[in-house]
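Dear colleague,

Please find below the structure that I am handing over to you. My notes on what was found in it follow directly after it.

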Amino acid sequence: VNRNPKIDYHIGDSILGRLLIAATSKGLCGLMWGDSDRELLEALAGRFRRCTLLHSLENPQQWSEPVNRYLNGELVDLSLLLNQEGTAGQRPVWARIQTIPLGWTLTYANLATILGHPGSARAVANACAANSVALVIPCHRVIRSNGELGGYRWGLQRKRRLLSLEASM
């Protein structure tokens, strides 16, 4: 058993700010936005405490190119190979979020009900906040019951822009 797995990462630009892409040999484990490289590295280190982080991602364009095309309004398949680990409570939330169609939203409460756990909207929100692969698991498509955006790990301005972009696609 590898007790100190390796994660390779790359940080570059996108229209939503600095973009960190992180992957293991098994697939994408991080797609995060931030305002600075330091902020992104701290988030990656916090999420993957037991991993060795290496600024050596081979061919980062294989990940960043489809993301940037998508952000420019192009319909791109973002069903990338993932290595997203989560708890038994997070995995079904993430799987269901991946089925929300482009241009649609669900509320945290609706998602909890669909998953068979009415009343657990807060747990759904926590699962969204734990998602480390933006866009691929489109947690920005989950909003509050009153129609407000709710939270977004990478900032409400980015969530607003993503929802607006997708509405126009």
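**Strands, two residues and the whole chain**

In β3, Leu31 is the residue that stands opposite Ile21. Please keep in mind that this is a predicted model.

The pairing of Ile21 with Leu31 belongs to a longer ladder, since strand β2 and strand β3 (residues 27-34) run antiparallel and are joined by 7 bridges. Between β2 and β3 there are 2 residues, and the two strands form a hairpin. On its other side in the sequence, β2 is joined to β1 by 7 bridges, again in an antiparallel arrangement. Here too the strands form a hairpin with 2 residues between them. One pair across β1 and β2 is Ile11 with Leu20. Strand β2 itself, which covers residues 17-24, is mostly covered, with 6 of its 8 residues buried.

Asp8 deserves a closer look. This residue lies in strand β1, which spans residues 6-14. Is Asp8 buried or exposed? Its relative accessibility is 13%, and because buried means under 20%, Asp8 counts as buried. Which side chain does the side chain of Asp8 join in a polar contact? The partner is Ser56, at a distance of 2.6 Å. Beyond its neighbours within four places in sequence, Asp8 is in contact with several residues, among them Ile21, Ala22 and Ala23. Leu54, Ser56 and Leu57 are also in contact with Asp8.

Ser36 offers a second example. This residue is found in the loop between β3 and α1, the latter being residues 37-47. Its relative accessibility is 29%, so Ser36 counts as partly exposed. A polar atom of the Ser36 side chain lies 3.0 Å from the backbone nitrogen of Glu39. Ser36 and Ile11 are 25 residues apart along the chain, and their C-alpha atoms are separated by 9.5 Å.

Finally, I turn to the chain as a whole. The chain contains 6 helices and 6 strands, and their order along the sequence is β-β-β-α-β-α-α-β-α-α-β-α. Its radius of gyration is 16 Å, close to the 15 Å that the globule rule gives for 169 residues, so the chain is as compact as a globular protein of that length. Buried residues account for 44% of the 169 residues. Among contacts between residues at least 6 apart in sequence, 58% join residues at least 24 apart. The accessible surface comes to about 8900 Å², and 50% of this belongs to carbon and sulfur atoms.

Yours sincerely

Terms used:
Residues are numbered from 1 along each chain as its sequence is written. This is a predicted model: local features need pLDDT of at least 70, side-chain atom pairs count only at pLDDT 80 or more; totals for chains, interfaces and linings use all residues. Side-chain values use heavy atoms; hydrogens and water are left out. Helices (H or I, at least four residues) and strands (E, at least two) are DSSP runs, numbered from the N terminus. Buried means under 20% relative accessible area, exposed over 50%, partly exposed in between (1.4 Å probe, protein chains only). A polar contact is a pair of N or O atoms within 3.5 Å; within protein, one must be able to donate a hydrogen and the other to accept it, and residues adjacent in sequence count only if both atoms are side-chain atoms. Contact means heavy atoms within 4.5 Å. Two strands pair if DSSP finds at least two bridges between them. The radius of gyration is taken over C-alpha atoms; the globule rule is 2.2 Å times the number of residues to the power 0.38. Accessible areas come from the Shrake-Rupley method with a 1.4 Å probe; for residues, only the protein chains shown count as cover.
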